[in-house]
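Hi there,

Here is the structure I promised to pass on to you. Have a look first, and my notes follow below.

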Amino acid sequence: MAAAPTARSPSPPPQPPVAQTPGPRAAQFQKLFGDALNHTLRTCSYSKFSACFPTPAKLAPQTLTSIWRQITTKVEASAKKEFDDIMIERDVVAGLNELERLVAEARSRKERGVEAGEPPHTLPPERLFLAHLAPYLKQTESELESELKRLQDENEELVEGIQGQREEAEQLVSGLEAFIADLERANDIMGNEVDGNGVKKEVAGVEQELRAAGREAKL
C-alpha cells in the first residue's frame, strides 16, 4: 500500500490591499511636515519682510503686500507639491501603513506569548517584500525628518541674517543722518558769521594789526 503523502501547510488567503488612507504613522509624518512648513512661513511674516524694504513699505505698501503674498504662496505650493511627489513616488503612505500593521501584529504576538510567527513559505510575496522593505521605509522616514529639520534651521538662519543686515543698514543711515545734521549746523554757523559781517570785521582787524606792526618796524 502506498504511503500517504506528507501534509503541507495550507497557503494563506491573499492579503487585502494596503489602504491608502494615512494611518497613525503616516498621518503623524504628514502633520510633522505641515507644522514645519507653517513655522517657516510664520517666520517670514509681513512685518519682517517689509522691514527689509522700508522705502517700498512706506511708499507702496499695497504693492509690497501683494509681492509678499505671492512669494509665500509660491513657497508653500512648491514645498507641498514636492512633498506630495515624494510621498507618491516612494509610496510612503502604503509603506508606513504596512509598517504599522507589522508592528501591531508583532506586539499582539508578543502579548499572546507567541514566539514563532507564520512559516515564511506560507506568506504571500507582497508581505515578504514589505517585511524586507520596512527597515528601509523607517530609515527613509528618519532621513526625511532630518532633512525637514535642516531646512527649517537654514530658513531661521536666513531670517536672522536678513534681520542683522537690516540693523546694520539702520545704523549706517543713522550715522549719515547725524553727519548731515552736523554739516547743516556748521553751514548755519558760517552763514550767521557772513550775515553779521563777522568776516569783514576780522579782516579789518588783521589789516590794522599789520599796519601797526609796520610802523613799529620803521621806528
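To start with the surface: the chain exposes about 16800 Å², and carbon and sulfur atoms supply 59% of that area. Please keep in mind that this is a predicted model. Of its 219 residues, 17% count as buried.

On the fold, the chain has seven helices and zero strands, so the order from the N terminus reads α-α-α-α-α-α-α. Among contacts with a separation of 6 or more, 78% join residues that are 24 or more positions apart.

You may like the pocket. The largest one has a volume of about 800 Å³. Its lining counts 29 residues, and the closest to the pocket centre are Leu37, Thr40, Val75, Leu151 and Asn155. Helices α1 (24-43), α2 (46-51), α4 and α6 (125-195) each supply at least two residues of this lining. The most comes from α6, with 10 residues.

Val75 deserves a second look. This residue lies in helix α4, which covers residues 61-89, and it is among the lining residues closest to the centre of the largest pocket. Val75 also belongs to a nonpolar surface patch with Ile67 and Ile71, and the three together have about 220 Å² of accessible area.

Is Val75 buried, partly exposed or exposed? Its relative accessible area is 41%, so Val75 counts as partly exposed, because that class runs between the 20% limit for buried and the 50% limit for exposed.

Happy to hear what you make of it.

Best wishes

Technical notes:
Residues are numbered from 1 along each chain as its sequence is written. This is a predicted model: local features need pLDDT of at least 70, side-chain atom pairs count only at pLDDT 80 or more; totals for chains, interfaces and linings use all residues. Side-chain values use heavy atoms; hydrogens and water are left out. Helices (H or I, at least four residues) and strands (E, at least two) are DSSP runs, numbered from the N terminus. Buried means under 20% relative accessible area, exposed over 50%, partly exposed in between (1.4 Å probe, protein chains only). Contact means heavy atoms within 4.5 Å. Accessible areas come from the Shrake-Rupley method with a 1.4 Å probe; for residues, only the protein chains shown count as cover. Patches are made of residues with over 30% relative accessible area and no salt bridge: like charges are joined within 9 Å, nonpolar side chains (Val, Leu, Ile, Met, Phe, Trp, Tyr) within 5 Å. A salt bridge is a side-chain nitrogen of Lys or Arg within 4 Å of a carboxyl oxygen of Asp or Glu. On a 1 Å grid over the protein atoms alone, a cavity is a set of points where a 1.4 Å probe fits but cannot get out, and a pocket is an open set with protein on both sides within 12 Å along at least five of seven lines; lining residues have an atom within 4 Å of a point. Grid points are joined across faces, edges and corners, and a volume is the space filled by probe spheres set on the points.
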